[in-house]
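Could you take me on a walk through this structure, one selection at a time? I have it open in a viewer and would like to know what to click on next and what I will find there.

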Amino acid sequence: MRKPLGAALLALAIAGAGAAPAIAAPVDSADSFGKSADAGSVTSVVNDTVASTADTLGQVLNSPKVKAVNFAGTVALSNCSGSVVRFPDSEDNDPALVMTNGHCLETGMPGPGEVVVDRASSRTFTLLNSSGSRAGTLRASKIAYGTMTDTDVAFYQLTTTYAQIKSSYNINPLTVADTHPVKGTAITVASGYWKRLYNCNIDGFAYQLKEGDWTFKDSVRYTSACNTIGGTSGSPVIDQATNKVVAVNNTGNEDGQRCTVNNPCEVDESGNVTVRQGINYAQETYQIPACFGVDNKLDLNASGCVLPKP
């Protein structure tokens with residue numbers, strides 16, 4: 001869990017990397033967690049940006065599957081990434097939703113056991129087109145849901161519908177898959193903040209992922225090629241074969257420490273702890289569609305909904 005970059009550091013990173021985030025990143029409430037924008041060494045951010053961009057370009061050029069995944073529908077927040085998403089049963093005239101991490105909320109990081117529901121918000125999001133260019137600005141009407149208990153996810157309800165976004169920007173939302181992701185699946189982590197694509201595979205799943213005071217369940221573990229950095233928090237994890245969202249990017253073990261902030265550890269069903277330095281993680285999203293009904297209205301009591309309740 002990382003601190004956001006200040007404006008001066010961000011400007012330096014942009015100059016060195018040649019890949020600017022869609023909007024500036026002022027200090028925000030995600031104090032120091034996961035893959036929100038980082039206040040660490042700007043040199044390491046610049047070097048990582050250059051290396052990762054080169055890796056991404058190579059993978060895009062050499063892999064036909066990756067070409068199908070682009071930035072259309074992703075968004076940039078002030079300190080994180082996100083995406084406009086719909087569920088399998090969503091309709092075009094439903095109010096659109098933006099998905100990101102719970103630790104990216106402007107109201108501050110939810111504590112263990114805390115759930116935010118139906119809280120007014122006027123937060124704005126920079127919508128990107130397929131090439132990663134700015135398409136327009138979207139605005140929230142409320143935080144529909146947000147938590148860091150069992151998972152790390154937040155949904156903003158927008159003032160516009162999917163149909164209105166399509167009409168104005170010719171951009172469709174990403175669809176959240178309603179089936180469990182599969183080990184070995186080729187995936188892309190699409191960061192709207194950095195306008196970067198990270199390509200790798202699902203390496204497996206962590207029964208529990210512990211990070212500081214928080215515990216996440218059944219987390220997705222990436223292979224090492226997805227070396228996500230600060231600002232990628234909230235990025236959709238996209239199945240390259242189906243173009244559907246299977247998870248939301250949120251954290252990684254930076255220093256090899258055990259179960260501390262910025263250094264999550266895996267805990268198996270027997271309580272055994274494994275530390276994987278340099279490996280990054282995401283939270284599954286396949287059970288979330290069951291929690292949203294007609295008109296994309298949240299219903300935490302719906303059959304099949306396992307999201308934590310307030």
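Start by selecting C104: in this predicted model, C104 counts as buried, at 0% relative accessibility. Now add C80, which is buried too, with a relative accessible area of 0%. A disulfide joins C80 to C104, with 2.1 Å from S to S. The torsion about this S-S bond is about -85°, so the disulfide of C80 and C104 is left-handed. Where do C80 and C104 sit along the chain? C80 is in the loop between strand 1 (74-76) and strand 2 (81-86), while C104 is in the loop between strand 3 (95-100) and strand 4 (115-120), so the pair ties together parts that are 24 residues apart in sequence.

**More disulfides**

How many disulfides are there to look for? The count comes to four. If you number the bonded cysteines of the protein in sequence order, the pairing reads 1-2, 3-4, 5-6, 7-8.

Select C259 and C265 next. Their sulfur atoms are 1.9 Å apart and form a disulfide. This link of C259 and C265 is right-handed, with 100° about the S-S bond. Try colouring the two by accessibility: C259 is partly exposed, with a relative accessible area of 21%, whereas C265 counts as buried at 0%.

Move on to C291 and C305, another disulfide, in which the sulfur atoms are 2.1 Å apart. Both C291 and C305 lie in the segment after strand 16 (280-284), so the pair ties together parts that are 14 residues apart in sequence. Is the link of C291 and C305 right-handed or left-handed? The link is right-handed, with 100° about the S-S bond. C291 is buried, with a relative accessible area of 0%, and C305 counts as buried at 12%.

**Into the nonpolar core**

Hide the cysteines for a moment and select V84, F125, F155, L158 and F292. These are the residues with the most contacts inside the largest nonpolar core, which has 46 residues. Which elements give two or more residues to this core? They are strand 2, strand 3, strand 4, strand 5 (124-128), strand 6 (134-147), strand 7 (153-161), helix 3 (162-169) and strand 13. In soluble globular proteins, nonpolar side chains tend to be buried together.

Centre the view on F125 and show what surrounds this residue. Leaving out residues up to four places away in sequence, F125 touches V75, A76, L77, V98, G136, T137, L138, A140, Y156 and L158. Apart from the largest core lies another core, of 17 residues. To find this other core, select A37, Y198, Y222 and A282, which are among its residues.

**Along strand 10**

Next, highlight strand 10 (residues 196-211) together with strand 9 (residues 186-191). The two pair in the antiparallel sense over six bridges. Pick T188 and you will find that its bridge partner in strand 10 is N199. The hairpin of strand 9 and strand 10 has four residues between the strands, and in this hairpin K195 takes a positive phi near 55°.

Now add strand 11 (residues 214-222). Strand 10 and strand 11 pair in the antiparallel sense over eight bridges. Select Q208 here, and look for its bridge partner K217 in strand 11. How many residues lie between the strands in the hairpin of strand 10 and strand 11? There are two, and G212 takes a positive phi near 60° in this hairpin.

Strand 10 has a further partner to show: three bridges join strand 10 to strand 14 (residues 265-267), and these run antiparallel. Click on L209 and you will see that E266 in strand 14 stands opposite.

**A polar stop**

Then select Q240, in the loop between strand 12 (236-239) and strand 13 (245-252). Is Q240 buried or exposed? Q240 is buried, with a relative accessible area of 7%. Display I187 as well: the side chain of Q240 reaches the backbone oxygen of I187 at 2.8 Å.

**Zooming out**

Finish with the whole protein in view. The protein has three helices and 16 strands. Of its 310 residues, 54% count as buried. Among the contacts in the protein with a separation of 6 or more, residues 24 or more positions apart account for 70%. Switch on the surface to end the tour: the protein exposes about 11,900 Å², and carbon and sulfur atoms supply 48% of it.

How values were computed:
Residues are numbered from 1 along each chain as its sequence is written. This is a predicted model: local features need pLDDT of at least 70, side-chain atom pairs count only at pLDDT 80 or more; totals for chains, interfaces and linings use all residues. Side-chain values use heavy atoms; hydrogens and water are left out. A disulfide is a pair of cysteine sulfur atoms within 2.5 Å. Buried means under 20% relative accessible area, exposed over 50%, partly exposed in between (1.4 Å probe, protein chains only). A polar contact is a pair of N or O atoms within 3.5 Å; within protein, one must be able to donate a hydrogen and the other to accept it, and residues adjacent in sequence count only if both atoms are side-chain atoms. A nonpolar core is a set of buried Ala, Val, Leu, Ile, Met, Phe, Trp, Tyr and Cys residues joined through side-chain atoms within 4.5 Å. Contact means heavy atoms within 4.5 Å. Two strands pair if DSSP finds at least two bridges between them. Accessible areas come from the Shrake-Rupley method with a 1.4 Å probe; for residues, only the protein chains shown count as cover.
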